[in-house]
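Biologist: I would like to learn how to read side-chain and sheet features in a model such as this one. Could you take me through them slowly, with the general idea before each case?

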Amino acid sequence: MGPLEGIRVLELGQLIAGPFCGQYLADFGAEVVKVEPPGRGDPMRQWGSTDAHGNTVWWPVIARNKRSMTLDLRTEAGQAVIRELAAQVDVIIENFRPGTMERWGLGYEALSEINPRLVMVRITGFGQTGPYATRAGYASVCEAMGGMRYIAGYPDRPPVRMGISIGDTLAGMHGAMGAMMALHERHRSGRGQVVDSAIYESVMTVMESLIPEYEKTGRIRERSGSRLDGIAPSNAYPCRDGREVVIGANQDTVFRRLCEAMGAPELADDPRYVDHQSRGRNQDALDARIADWTRAHDADEIVERMAEAGVPAGHVYRAPEMLADPHMQARESIVRMQDARLGEIPMQNAFPRLSRSPGCIEHTGPALGEHTREVLQDWAAMTPEHIERLAEQGVI
């Protein structure tokens, strides 16, 4: 049994942030029912790359382990269904613009009267309060306001984005953590609460000491490419075979081991590189010296030599290298699942790893509305006649 076995979750969110929160909880055993608009479903069913037949390969991942039901939340009948379901669930996830749930009569105040133990995870760009709360807040904007975009890229070029929607994912992950915290607190109080996960704050949270650095030292972190200024050596270095390896040897003892592995032990005692501060001041020269050495060797040779020397190093992987890596295979970091449309499909496993009650992937993303009738029967105790009327009205 997963650690969240017995927890019922109603996922009303769409696109990435809300659904990733639901994916995280579902991976660890929560019973997650995804609510989608009838006829078209979550836009994630169409987003991302597709196979030769036009089937998206993202949906099976972000909707894995969930059940799908269709429901038109913009209708009074659909809103009434949510109220019935809210009485039976532990967590509701939503990522609509603030005020939307309240306009539908589905805000936390209304639903908690039905179910005082309810936890509601609310994921938005700017949070539920403050002057920006009602603004549309996609991850790209919130990553910029959270400080991440400014420091991403090279100093002689404009800011860049990471090749994934990291702001959405961070907000979804914080939403999932908040839900588990709220569920734990419910054991003491007997009451649920709201988890307010703003994308910009989820990004800001991982920005280390960026804010106090400015306040106390006047320093504004700038773009520094593939390295961190003052942390040396820690960079991606070119190899003879055209590949790159990342080497991190910024600790004094580790740097000495790197120098010995390079056949240049004298560098460890060079006044320019003898300690952390010195290496930071002479970062450019040190990176150039290491790059001269790496260019004379193939990437595999360098990684093996670093492993033997006890120096952190690794290849710069793409998906093909991840799939072929023996360590990832041994740990089952990537699992292969059968999907009704795509056949066998690889995807990242459930993380983190729990020794006694680990998460797992039971199935890929469901078909639209595949479980509507059974959820309404099991969770809301609706009769087949009632369900049929909802279908005739286009509510489900």
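Modeller: Let us start with burial: Phe 255 has a relative accessible area of 1% and is buried, where buried means under 20% relative accessible area, exposed over 50% and partly exposed in between, with a 1.4 Å probe and protein chains only. This is a predicted model, in which local features need pLDDT of at least 70 and side-chain atom pairs count only at pLDDT 80 or more, while totals for chains, interfaces and linings use all residues. Residues are numbered from 1 along each chain as its sequence is written, and side-chain values use heavy atoms, with hydrogens and water left out.

Biologist: How is an aromatic pair described?

Modeller: In general, a pair of aromatic rings is described by the distance of the centres and the angle of the planes. The rings of Phe, Tyr and Trp (its six-membered ring) pair if their centres lie within 6.5 Å, and planes under 30 degrees apart count as stacked, over 60 as edge-to-face and the rest as tilted. Searching the whole structure gives six aromatic pairs. Among them is the edge-to-face pair of Phe 96 and Trp 104, at 5.2 Å centre to centre with 75° between the planes, and both of these residues are buried. Phe 255 and Tyr 273 also form an edge-to-face pair, at 6.5 Å centre to centre and 70° between the planes.

Biologist: Which parts of the chain does the pair of Phe 255 and Tyr 273 tie together?

Modeller: Phe 255 belongs to helix α10 (residues 252-261) and Tyr 273 to the loop between α10 and α11 (276-281), so the pair ties together parts that are 18 residues apart in sequence. Helices (H or I, at least four residues) and strands (E, at least two) are DSSP runs, numbered from the N terminus. Tyr 273, at 2% relative accessibility, counts as buried.

Biologist: How do the strands of a sheet pair?

Modeller: Strands of a sheet pair through backbone hydrogen bonds, either parallel or antiparallel; here two strands count as paired if DSSP finds at least two bridges between them. One open sheet has three strands in the order β7-β8-β9, with antiparallel pairing. Its edge strands are β7 (234-238) and β9 (313-315), each of which pairs on one side only. Between β7 and β8 (residues 244-248) there are five bridges, and Ala 236 has Val 246 in β8 as its bridge partner.

Biologist: Where do salt bridges link distant parts of the chain?

Modeller: A salt bridge is a side-chain nitrogen of Lys or Arg within 4 Å of a carboxyl oxygen of Asp or Glu, and the whole structure holds 30 of them. In one of these, Arg 67 meets Glu 31 at 2.4 Å, N to O, which links strand β3 (residues 66-70), where Arg 67 lies, to strand β2 (residues 31-36), where Glu 31 lies, 36 residues apart. Arg 67 is buried, with a relative accessible area of 14%, whereas Glu 31 is partly exposed at 30%.

Biologist: What other side chain meets Arg 67 in a salt bridge?

Modeller: Glu 374 does, at 2.6 Å, N to O. Because Glu 374 lies in helix α16 (residues 372-378) and Arg 67 in strand β3, the pair ties together parts that are 307 residues apart in sequence. Glu 374 counts as partly exposed, at 33% relative accessibility. Arg 8, Glu 31, Arg 67 and Glu 374 are linked in a network of salt bridges.
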